[in-house]
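Let's take a friendly walk through this structure, from the whole chain down to single residues. Keep the 3D view open beside the text as you read.

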Amino acid sequence: MITYDNFKKIDLRVAKILTAERVEGSDKLVKLQIDVGELGQCQLVAGIGMVYAPEILVGKQIVVVANLEPRKLMGHESQGMLLAASDKVGPVLIAPESEVLPGTGIK
């Protein structure tokens, strides 16, 4: 269990995927350039490549953790994390039901 005050520290935002490409040498990793509105653009590396082809991701909106400490995955810096449910088929992206402005906060 975490406290509500700890949960409030997580900055969840809507982002729009601008570009997507496979990470060379990995079947799972996809490198995304995203627009997070007033927070600007940043790069994410996500393990969604077994389910999502990069070309179908461009233009989609996703929900991201915008204030996660950067981490390197296979030599590529990931400056946040996208949210996805996971089942036996693989990850399913969490996204707003209708389009909203990039950078919109999740409450």
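The strands named here are DSSP runs of E with at least two residues, numbered from the N terminus. Please keep in mind that the model is predicted.

Begin with the overall plan. The protein chain contains two helices and nine strands. Reading from the N terminus, the order of these elements is α-β-β-β-α-β-β-β-β-β-β. If you lay a box along the principal axes, the C-alpha atoms fill roughly 40 × 30 × 30 Å. How does the radius of gyration of the protein chain fit with that of a compact globule? A compact globule with 107 residues would come out near 13 Å, and the protein chain has 14 Å, which agrees.

Next, consider how the chain packs against itself. Among contacts with a separation of 6 or more, 56% join residues that sit 24 or more positions apart. Of the 107 residues, 34% count as buried. The accessible surface adds up to about 7,000 Å², and carbon and sulfur atoms hold 54% of that.

Now for the empty space. Rolling a probe the size of a water molecule over the atoms shows where such space is left. Here the largest pocket holds about 210 Å³. It is lined by 14 residues, and those closest to its centre are Val-45, Leu-73, Ser-78, Gly-80 and Met-81. Which strands each supply at least two residues of the lining? They are strand S3 (41–46), strand S5 (71–73) and strand S7 (81–82). S3 gives the most, with three residues. Sorted by class, the lining has nine nonpolar, three polar and two charged residues.

A few single residues are worth a visit, and Met-74 is a good place to start. You will find Met-74 in the loop between S5 and strand S6 (76–78). Most residues other than glycine have a negative phi. Met-74, however, has a phi near 50°, a positive value in a residue other than glycine. Its relative accessibility is 48%, and because partly exposed covers the range between 20% and 50%, Met-74 counts as partly exposed.

Another loop, the one between S3 and helix H2 (54–57), carries Met-50. Is Met-50 buried or exposed? Its relative accessibility is 63%, so Met-50 counts as exposed. Leaving aside neighbours within four places in sequence, Met-50 is in contact with Asp-27 and Lys-28. Leu-29 is 21 residues from Met-50 in sequence, and their C-alpha atoms are 8.2 Å apart in space.

Ala-84 takes us to strand S8, which spans residues 84–86. With 36% relative accessibility, Ala-84 counts as partly exposed. Beyond its neighbours within four places in sequence, Ala-84 is in contact with Pro-91, Val-92, Leu-93 and Ile-94. For the last of these, Ile-94, the C-alpha atom is 5.1 Å from that of Ala-84, although the two residues are ten apart along the chain.

Our final stop is Arg-13, in strand S1 (residues 12–22). Why does Arg-13 count as buried? Its relative accessibility is 15%, and buried means under 20%. Looking past neighbours within four places in sequence, you will find Arg-13 in contact with residues from several stretches of the chain, including Val-36, Glu-38 and Leu-39. Ile-62, Val-63, Val-64 and Ala-66 are also among its contacts, and so are Gly-103, Thr-104, Gly-105 and Ile-106. Pro-102 is 89 residues from Arg-13 along the chain, yet the C-alpha atoms of the two are separated by 7.7 Å.

How values were computed: Residues numbered from 1 in each chain as written. Predicted model: local features only at pLDDT ≥ 70, side-chain atom pairs only at ≥ 80, totals over all residues. Heavy atoms only, no water. 1 Å grid on protein atoms, 1.4 Å probe; cavity = no way out; pocket = protein on both sides within 12 Å on 5 of 7 lines; lining within 4 Å. Points joined across faces, edges and corners; volume = space filled by probe spheres on them. Helix = DSSP H or I, 4+ residues; strand = E, 2+ residues; numbered from the N terminus. Nonpolar A, V, L, I, M, F, W, Y, C, P; charged D, E, K, R; others polar. Rg over C-alpha atoms; globule rule 2.2 N^0.38 Å. Buried < 20%, exposed > 50% of the residue type's maximum accessible area, 1.4 Å probe, protein only. Contact = heavy atoms within 4.5 Å. Areas by Shrake-Rupley, 256 points an atom, 1.4 Å probe, with all protein chains shown as cover.
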